[in-house]
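Okay, thanks for having me up. Let's put the model on the screen and walk through it together.

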Amino acid sequence: MARPKYFTPNEVCIHNTIDDIWVSFLGKVYDLTPLCSRFKGDVLLKPIIASAGKDISHWFDAKTKDIRTHVDPVTGCVIPYTPHGRFVHIPPPCPNADWANDFGRPWWKDDSYCVGILSKKTRFIKICNTLTSQEQVIEVCSEQNIDEILQKFIKYNAHAASYTWKYDSNVLDMEKTLQDNGIPDEDEEFYELSMDDSTYRQTIHLYFNDDLTEA
């Protein structure tokens, strides 16, 4: 089975326009651009557009994975709780002949919009090119393996795959995570000691293999 894709909150956050809308909720990341294109101009898109690039887990009940509900003080009925306004696939509070309910699965239960998993913990790692002495700090997901980090680093060095990746003189296993390669996450220790973690970032060193065929 293919590995799931992991995203940092910052990677989700950049998809925040009406033509490119991502949101995250309950640990997953969703691309709602097709949904917004389908309902373009509909007033029911407003709460979704306002939340573009954000986490909207507070819209949902963590146990049922469905929209939170509350008792309407006027009718006494249990209805979806939408304090930011009713949105696509949420029925009107009262019976309405104009509302079509034959849309199938609501968008929050439609896995076709899911593009990956929101990282539970992100890390900043420094990557040092020993050939050029260039250094780059990038934010990665703790769940990503080294090869996936390499793919993210390619925008800084198109020949990244032509290097041997090492930490503390040990060659890294490209199919393992940072933690599994013996690169510990020390964020909590730095916080407890009130230390500036940017001064002591874990560093991966790249050693050139004199082979540009991997570019």
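Let's begin with helix α4, which lies across β8, β9, β10 and β12. If you line it up against β9, the angle comes out at about 125°. One caveat before I go on: this is a predicted model.

So what is α4 lying across? Those strands belong to an open sheet of five, in the order β9-β8-β12-β10-β11, and the pairing is mixed. The edges are β9 and β11, the latter being residues 170–171, and each of them pairs on one side only.

Now let's go through that sheet pair by pair. Start with β8 and β9: they pair antiparallel, over seven bridges. They also make a hairpin with five residues between the strands, and if you look in the turn, Ser133 has a positive phi of about 70°.

Next comes β8, residues 122–129, against β12, residues 203–208. Those two run parallel and are joined by four bridges. Then β12 pairs with β10, again with four bridges, and there the sense is antiparallel.

A couple of residues are handy for finding your way around here. Take Lys126: its bridge partner in β9 is Val137, and its bridge partner in β12 is Thr203. Leu206 in β12 works in a similar way, with Asn129 standing opposite and Trp165 standing opposite as well.

On to the other sheet I want to show you. This is an open sheet of five strands too, ordered β1-β7-β4-β3-β2, with mixed pairing. Here the edge strands are β1 and β2, where β2 is just 16–17, and each pairs on one side only. Inside that sheet, β3 (residues 20–25) and β4 (residues 28–31) run antiparallel with four bridges joining them. If you want one pair to click on, Ser24 has Val29 in β4 as its bridge partner.

Okay, salt bridges. How many does the model have? The count comes to five. The one I'd like to show is Lys152 with Glu11, where the closest N and O atoms are 3.2 Å apart. That pair links distant parts of the chain: Lys152 sits in helix α4 and Glu11 in helix α1, 141 residues apart.

Keep those two residues selected, as they come up again in the pocket. The largest pocket has a volume of about 330 Å³. Its lining is made up of 16 residues, and the ones nearest the centre are Tyr6, Glu11, Glu139, Gln144 and Lys152. So both partners of that salt bridge are on the list of residues nearest the pocket centre.

Which elements supply the lining with at least two residues each? That would be β1 (6–7), α1 (9–13), β9 (135–141) and α4 (146–153). The largest share comes from α4, with three residues. What about the chemistry of the lining? It divides into five nonpolar, four polar and seven charged residues.

To pull it together, α4 lies across four strands, β8, β9, β10 and β12, gives the pocket lining its largest share, and carries the Lys152 end of the link to Glu11 in α1. That's what I had, so over to you.

How values were computed: Residues are numbered from 1 along each chain as its sequence is written. This is a predicted model: local features need pLDDT of at least 70, side-chain atom pairs count only at pLDDT 80 or more; totals for chains, interfaces and linings use all residues. Side-chain values use heavy atoms; hydrogens and water are left out. On a 1 Å grid over the protein atoms alone, a cavity is a set of points where a 1.4 Å probe fits but cannot get out, and a pocket is an open set with protein on both sides within 12 Å along at least five of seven lines; lining residues have an atom within 4 Å of a point. Grid points are joined across faces, edges and corners, and a volume is the space filled by probe spheres set on the points. Ala, Val, Leu, Ile, Met, Phe, Trp, Tyr, Cys and Pro count as nonpolar, Asp, Glu, Lys and Arg as charged, and the others, Gly among them, as polar. Two strands pair if DSSP finds at least two bridges between them. Contact means heavy atoms within 4.5 Å. Axes are lines fitted to C-alpha atoms, for helices over the stretch in contact, and angles run from 0 to 180 degrees between N-to-C directions. A salt bridge is a side-chain nitrogen of Lys or Arg within 4 Å of a carboxyl oxygen of Asp or Glu.
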